[in-house]
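Here is a short note from one colleague to another, to be read alongside the coordinates. Please check each point against the view in front of you.

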Amino acid sequence: MRMKYLFSFLLVAFSIAFASAQDDLLNQLDTVKSKEKEIEMSAFKGLQICNMQSTKLAAKGEWYMVVSHRFGDLTQGFDNFFGLDNALTKIGGLYGATSWLTLGASRHTYNKIYELTAKYKLANQETDGFPVTIVGYNTMDINSALKTSEFPNLQFTDRLAFTTQLLVSRKFSKKFSFEIAPIYVHKNLYDDVLEQKDLLLVGAGARYKIAKRLSVNLEYAARIITVEGFTSPYKNPLSVGLDIETGGHVFQLVVSNSQPMNDVAVFSNTSGDWNGGSIYFGFNMYRSF
């Protein structure tokens, strides 16, 4: 009988000790978990704001098909059937090579350009830590429309143009996000009467959520360094857009003073003018796989 009481006492004591140790372990795990950095959700739903890139990347192993379209000048009315007569198209693909790197390639009807892109995350915005998301973005254009009959000494490198961008965004609330981006543009071949070989701009974009699946976007880029005595015929790009979230993709409606969609042309060859000049309507569609 005494052995039975002793066994019962040891069993109860062991159970209490085990429960106490389990509580200590759980408390330690909670402490470790609380020390982990919580990453803020993406500041933008779309991979682009309008024409500019956002700080959102494709997930690792994720494929995107990209189709973008810009109709002709809306201000010409029936002369070009409100832009339907001379539209531009971009079609391409994106791949999430890693969780921090997205690679892309696209073909543009504008100058028959092939555009290669790399987008890479440098830092994440944290809920109670680092205040912004930082992403690098590089593009390389290959202008396949250039002909040796017009440029007898044309070399392959003359077809190339580049942009380097640093995208810095912050999600201020569930509804509002903001991004600022220094942008550098370089052209190997350019018209020195109308264009500059190198450009430096500062771009800014914002998103405001107006409904569960709708948000309004705005972006603008301004040249900050110009050559003395040089007056460019091109304008600073200004665009407004509407994001529509539909299942597997984000559909973006865009109104802009830039008809071309490759980054080099957007930031250096925008010809439209919101103040009584040419305005272009179109869309961006991203379909994920």
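The points below take up strand pairing, salt bridges and pockets in turn.

1. The model is predicted, and the points that follow should be read with that in mind. Strand S5, which spans residues 133-143, is a convenient place to begin, since nine of its 11 residues are buried.

2. Strand S5 has a partner in strand S4 (residues 113-123), with which it pairs in the antiparallel sense over 10 bridges; within this pairing, Lys-121 has Val-135 of S5 as its bridge partner. Strand S5 also pairs with strand S6 (residues 160-171), again in the antiparallel sense and over 10 bridges, and here Met-140 has Phe-162 of S6 as its bridge partner.

3. How many salt bridges does a search of the whole structure find? The search returns two. In one of them, the side chains of Glu-195 and Lys-187 meet with an N to O distance of 2.6 Å. Glu-195 has a relative accessible area of 15% and is buried, and Lys-187, at 6% relative accessibility, likewise counts as buried.

4. The other pair brings together the side chains of Glu-245 and Arg-207, with an N to O distance of 3.9 Å. Because Glu-245 lies in strand S10 (residues 238-246) and Arg-207 in strand S8 (residues 198-211), this salt bridge ties together parts that are 38 residues apart in sequence. Both Glu-245 and Arg-207 are buried. A reader who wishes to weigh this contact may note that the cut-off for a salt bridge is 4 Å.

5. The largest pocket has a volume of about 420 Å³. Its lining comprises 23 residues, and those nearest the centre are Asn-111, Asn-143, Lys-187, Leu-189 and Glu-195, so that list includes Lys-187 and Glu-195, the pair joined by the 2.6 Å salt bridge. Strands S5 and S6 and helix H2 (263-268) each supply at least two residues of this lining, which divides by class into 13 nonpolar, four polar and six charged residues.

6. The second largest pocket has a volume of about 280 Å³. Of the 16 residues lining this pocket, Met-41, Ser-42, Lys-45, Lys-171 and Lys-174 are the closest to its centre. Strands S6 and S8 each contribute at least two residues to the lining of this second pocket, and by class the lining has four nonpolar, two polar and 10 charged residues.

Technical notes: Residues numbered from 1 in each chain as written. Predicted model: local features only at pLDDT ≥ 70, side-chain atom pairs only at ≥ 80, totals over all residues. Heavy atoms only, no water. Buried < 20%, exposed > 50% of the residue type's maximum accessible area, 1.4 Å probe, protein only. Helix = DSSP H or I, 4+ residues; strand = E, 2+ residues; numbered from the N terminus. Pairing = 2+ DSSP bridges. 1 Å grid on protein atoms, 1.4 Å probe; cavity = no way out; pocket = protein on both sides within 12 Å on 5 of 7 lines; lining within 4 Å. Points joined across faces, edges and corners; volume = space filled by probe spheres on them. Nonpolar A, V, L, I, M, F, W, Y, C, P; charged D, E, K, R; others polar.
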